[in-house]
Each structure stands twice: as structure tokens, then as C-alpha cells.
Amino acid sequence: MADPAAFIVANTRLQPVPHAPEISLHLADEVTPIWRLTEEELGELGLPPPFWAFAWAGGQALARYLLDHPHEVAGRRVLDFATGSGLIGVAAARAGAASVLCADIDPFCGAAVQANAAANGVRLDFTEADLLDAPPPPDVDLICAGDVCYEKPMTDRVLSWLAQAKAAGARVLIGDPGRTYFPREGLTFLAEYRVPTTRELEDQEVKRSAVWAL
């Protein structure tokens, strides 16, 4: 990949997040064109959709929750797991986190996170390491995970890792719009929102999305 930062600027538009308009992100307006361009840029077909290019419903809900409940993050070391665009990380930084580490294995995410951090005047660190390959980092107080329950094998792996983090003392918050593989047990309900989205991404234009504590 020659220049992911230039690719993002050329193929997205800086715009407010529908359910967290205090935050603006570099987002795509349509799924199919940028998906195709991403595959062309990487020279590979059959890639997953570019999650970094959209504000997904679960992430919007969790970002809104952090902005409205800054006590959850103030002074804490935060990990935004499977960050995508960095939306939740930006919200955590805006809400007063001591530090924010965004993690994602998508090769575009590092550039997207830094572009969106700059657009919102916050500092976000980034790692492309697959954190699931090791125990949860001990230097994290709060782990946020939005929209991580798309596929069963990955959902099981992520939830097991998050449970380890909780057992080690971290607080874990999950944002989800009721995905098929979202667990129904072992969670504490915190808030629910009606999140504007698009039928290109979801089955409804407004998704009821909730925030849970593991």
C-alpha cells in the first residue's frame, strides 16, 4: 500500500457522526465504491468491508455513552479494541481519558485513526498487533469494544479474551445493535439509543443499539 493516508483523504469526506455530532470523522458515503477501491489498492479480492470508513451503530452508541458519562473514562487508560475509524477512541479522549490505545489489524486503520484524531484535536496511539494472540495488556483500565459480534468464531474468541481482561481487573464496555451472535448472558445493561444509520450498512435506517458492561 503506497499511501493509506492519501487514500483515505481522497475517498472519504470529513463529516459529523450522526449520534455523536461533537465528533467528525473521515467517512465514506457509500459502501460498494470504497470497498472496491480498497481491494484494488491492496491487490486482493474478497476482503471484508472497510469498517474504518463507516460509523457503525454499536460504536456510535458506545461513543455517545462515553461522551455522556465521562466518569467512565476520566483519568483512565483506555483500549479501543477493533477500533475501525477510531470513533470510540476519539470519544474516550474527548471525555478525559489519560491515554487511548486504538487496536485493529486492518492495514488502513492506523492512517484512519490518526486522521480522525487530528480532525478532533486529540491524541490516539495505535497498534496493528492482533491482541487476541496474547493475554490482555495489564496496563489498561478500560476496554471498549463496539460491533465485535458479527461472526460466531470471532465473537467467541473476542468475548473469551475480554472475559480474561475483566478477570484481571479491567472494566469492559461493549456497544452492539443486537447482532446475531451477541451474548445474552453475563452482561449488565447500561444504556440504549436509537442510532441513525443507513440501509447500506444495516437492515434499518435507525438501529436500537445498547451499551453493556461485561
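**Exercise 1. Are Phe7 and Phe108 buried or exposed, and how do their rings sit?**

Step 1. Check burial. Phe7 is buried, and so is Phe108. Buried means under 20% relative accessible area, exposed over 50%, and partly exposed in between (1.4 Å probe, protein chains only).

Step 2. Know the model. This is a predicted model: local features need pLDDT of at least 70, side-chain atom pairs count only at pLDDT 80 or more, and totals for chains, interfaces and linings use all residues. Residues are numbered from 1 along each chain as its sequence is written, and side-chain values use heavy atoms, with hydrogens and water left out.

Step 3. Count the ring pairs. The structure holds 10 aromatic pairs. Rings of Phe, Tyr and Trp (its six-membered ring) pair if their centres lie within 6.5 Å. Planes under 30 degrees apart count as stacked, over 60 as edge-to-face and the rest as tilted.

Step 4. Classify the pair. The ring centres of Phe7 and Phe108 are 4.9 Å apart and their planes stand at 40 degrees, so the pair is tilted.

Step 5. Place the pair. Phe7 is in helix H1 (residues 4-11), while Phe108 is in the loop between S4 and H5, 101 residues apart. Helices (H or I, at least four residues) and strands (E, at least two) are DSSP runs, numbered from the N terminus.

**Exercise 2. Classify the aromatic pair of Phe189 and Trp212.**

Step 1. Use the geometry. The centres are 5.3 Å apart, with 75 degrees between the planes, and the pair is edge-to-face.

Step 2. Find the elements. Phe189 belongs to strand S8 and Trp212 to strand S9, 23 residues apart.

Step 3. Check exposure. Phe189 is partly exposed at 44% relative accessibility. Trp212 is also partly exposed, at 22%.

Step 4. Look for a cluster. Ring pairs link Phe51, Phe54, Trp56 and Tyr150.

**Exercise 3. How many salt bridges are in the whole structure, and which parts does the pair Arg64 and Glu22 tie together?**

Step 1. Count. The search finds 11 salt bridges. Each is a side-chain nitrogen of Lys or Arg within 4 Å of a carboxyl oxygen of Asp or Glu. Side chains of opposite charge can pair when their charged atoms come close.

Step 2. Take the pair. Arg64 and Glu22 meet at 2.7 Å, N to O. Arg64 lies in helix H3 (residues 57-68) and Glu22 in strand S2 (residues 20-27), so the pair ties together parts that are 42 residues apart in sequence.

Step 3. Compare burial. Arg64 is buried at 11% relative accessible area, whereas Glu22 is partly exposed at 37%.

Step 4. Move to another bridge. The closest N and O atoms of Arg179 and Asp147 are 3.1 Å apart. Arg179 lies in the loop between strand S7 (171-176) and strand S8 (188-196), and Asp147 in the loop between strand S6 (142-146) and helix H6 (152-167), so the pair ties together parts that are 32 residues apart in sequence. Arg179 is buried at 11%, and Asp147 is buried at 10%.

Step 5. Turn to a bridge within a helix. Asp156 and Lys152 meet at 2.8 Å, N to O. They are four residues apart in helix H6, about one helical turn. Asp156 is partly exposed at 42%, and Lys152 is partly exposed at 44%.

Step 6. Look for a network. Shared partners join Glu22, Arg64 and Asp68 through salt bridges.

**Exercise 4. Which residues of the largest nonpolar core touch the most other members?**

Step 1. Recall the term. A nonpolar core is a set of buried Ala, Val, Leu, Ile, Met, Phe, Trp, Tyr and Cys residues joined through side-chain atoms within 4.5 Å. In soluble globular proteins, nonpolar side chains tend to be buried together.

Step 2. Name the residues. Of the 36 residues in this core, Ile23, Leu66, Val73, Val78 and Leu124 touch the most other members.

Step 3. Find the largest share. Helix H3 gives it, with seven residues.

Step 4. Find another core. Apart from the largest core lies one of 20 residues, among them Ala103, Leu131, Leu162 and Phe182.

**Exercise 5. Where is Asp80, and what does its side chain reach?**

Step 1. Locate it. Asp80 is in strand S3 (residues 77-81).

Step 2. Look for a charge partner. Asp80 is buried yet has no salt bridge, and the nearest side chain of opposite charge, Arg94, is 14 Å away. Here Lys and Arg count as positive and Asp and Glu as negative; His and the chain ends are not counted.

Step 3. Follow the side chain. It reaches the backbone nitrogen of Gly89 at 3.0 Å.

Key
Polar contact = N/O pair within 3.5 Å; in protein donor to acceptor, adjacent residues only side chain to side chain.
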